[in-house]
Amino acid sequence: MNASRALGGRVDAHHHVWRLDRGDYGWLTPALKPIYRDFTLTDLRPLVAAADIGTTVLVQAAPTVAETEFLLKVAHASDGLVRAVVGWADLAAQDAVPTLTRLAQNALLKSIRPMLHDLRDPEWILRRDVDRTLSELPRLGLAFDALVRTAQLPSLTRMLDRHPDLRVVVDHGAKPEIATGMWEPWASGIAAVARHPLAMCKLSGLVTEARTDWTIDNLRRYVDHLLECFGPTRLLWGSDWPVVDLAGGYRIWVAATETLLAGLPPDDRNAIVGGNARAFYDLD
């Protein structure tokens with residue numbers, strides 16, 4: 001079977017594409033030389049093929065509706081490789097719900113990600129205007145990707161208390177500071193999030209939070225904690241490509257993941273690298 005058309009098998013639940021001339025990637029500067037260029041699905045296809053990945057989730061990298069519309073076009077032209085898009089909208093805007101209603105008419109839009117980790121206010125997600133928009137996401141069939149750091153975990157937990165019917169996935173394990181060995185308050189904060197039954201978490205983006213000379217042992221404590229908190233039925237594997245090129249690249253992260261999950265039963269490994277993403281993003 002053509003891997004790009006397979007509904008089963010492995011899923012990359014978190015990757016990007018971008019085109020610099022679009023001009024809305026404020027965080028992407030020449031200082032990030034390895035990834036400061038255009039990245040397309042043509043670049044990605046040999047990587048996912050080598051990893052036996054047949055389905056992907058394309059995630060926003062710019063805080064604009066225009067980029068979300070660009071990603072939806074990329075997904076529709078992907079010949080079945082991209083089966084979900086995580087987009088962006090200003091959840092605090094007066095027209096947030098009409099904007100999301102329009103975007104959600106596209107069946108490939110599955111989730112919204114407001115890039116919380118770039119916002120100065122760690123409690124932005126609790127604002128009244130944002131709260132009103134969040135309450136509409138389940139009706140629109142949209143989930144919520146929480147791009148947060150440790151400081152925002154308490155407000156994310158409170159948001160989950162307010163919206164028990166909202167499907168949420170925490171991107172990149174909430175970006176623990178692996179490079180410094182930081183443990184608390186990340187460990188207790190992510191555990192509090194995991195106590196909400198609809199909350200899930202992506203096993204992604206960890207290598208870029210570690211030292212440039214990271215080893216498996218540097219990552220293991222954090223991965224084991226995520227497994228303990230969420231269990232194998234609520235973790236989703238993602239590459240965070242091409243950002244992962246800052247810390248070794250796609251193939252190295254795939255190999256590291258296989259080592260880190262080697263002690264799990266095959267069904268649990270398969271869930272993390274495929275089944276959970278298909279369920280959360282309704283890929284089938």
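What volume does the largest pocket have? I began there, and I noted that the model is a predicted one. The largest pocket comes out at about 440 Å³.

**Entry 1: the pocket**

I looked up its lining next. The largest pocket is lined by 24 residues. I wrote down those that lie nearest its centre: Trp-27, His-117, Lys-175, Asp-240 and Val-243. Then I sorted the lining of the largest pocket by class. I found 11 nonpolar residues, six polar ones and seven charged ones.

**Entry 2: the sheet**

I turned to the strands. Eight of them form an open sheet, and the pairing is parallel. I read the order as β1-β2-β3-β4-β5-β6-β7-β8. Which strands sit at the edges? They are β1 (10–15) and β8 (235–237), and each pairs on one side only. I also noted the twist, which averages 30° from one strand to the next.

**Entry 3: pairs along the sheet**

I followed some neighbours one pair at a time. β3 and β4 pair in the parallel sense over three bridges. Here Val-86 stands opposite Ser-111 in β4. How does the chain get from β3 to β4? I traced it through helix α3 (residues 96–103), and this β-α-β crossover is right-handed.

I moved on to β4 and β5. They pair in the parallel sense over two bridges. Ser-111 turned up again, this time opposite Ala-143 in β5. So much for β4.

The next pair is β5 (residues 143–146) with β6 (residues 168–170). Their pairing is parallel too, over three bridges. I picked out one partner: Ala-146 has Val-170 in β6 as its bridge partner.

**Entry 4: helices across the sheet**

I checked two helices against the strands. Helix α2 (residues 65–76) lies across β2 (53–59), β3 (82–87) and β4 (109–112). I found α2 running at about 175° to β3.

Helix α10 (residues 266–280) lies across β1, β5, β6, β7 (199–203) and β8. Both edge strands, β1 and β8, are among the strands that α10 lies across. What angle does α10 make with β8? I noted about 110°.

**Entry 5: the largest cavity**

I then asked about closed spaces. How many cavities of 30 Å³ or more does a search of the whole structure find? It finds two. The largest cavity has a volume of about 70 Å³.

I listed what lines the largest cavity: Arg-10, Val-11, Ile-53, Trp-237, Val-254, Thr-257, Glu-258 and Val-273. Which element gives the most to this lining? It is α9, with three residues. β1 and α9 (250–260) each supply at least two. By class I have five nonpolar residues, one polar and two charged in the lining of the largest cavity.

**Entry 6: the second largest cavity**

I closed with the other cavity. The second largest cavity holds about 50 Å³ of space. Its lining includes Leu-116, Leu-119, Leu-156, Ile-125 and Val-148. I also found Pro-122 and Trp-124 there. Asp-121, Gln-152 and Ser-155 complete the lining of the second largest cavity. By class, that lining divides into seven nonpolar residues, two polar and one charged.

Methods:
Residues are numbered from 1 along each chain as its sequence is written. This is a predicted model: local features need pLDDT of at least 70, side-chain atom pairs count only at pLDDT 80 or more; totals for chains, interfaces and linings use all residues. Side-chain values use heavy atoms; hydrogens and water are left out. Two strands pair if DSSP finds at least two bridges between them. Helices (H or I, at least four residues) and strands (E, at least two) are DSSP runs, numbered from the N terminus. Axes are lines fitted to C-alpha atoms, for helices over the stretch in contact, and angles run from 0 to 180 degrees between N-to-C directions. Contact means heavy atoms within 4.5 Å. On a 1 Å grid over the protein atoms alone, a cavity is a set of points where a 1.4 Å probe fits but cannot get out, and a pocket is an open set with protein on both sides within 12 Å along at least five of seven lines; lining residues have an atom within 4 Å of a point. Grid points are joined across faces, edges and corners, and a volume is the space filled by probe spheres set on the points. Ala, Val, Leu, Ile, Met, Phe, Trp, Tyr, Cys and Pro count as nonpolar, Asp, Glu, Lys and Arg as charged, and the others, Gly among them, as polar. A crossover is right-handed if, with the strands pointing away from the viewer, the path from the first strand over the helix to the second runs clockwise.
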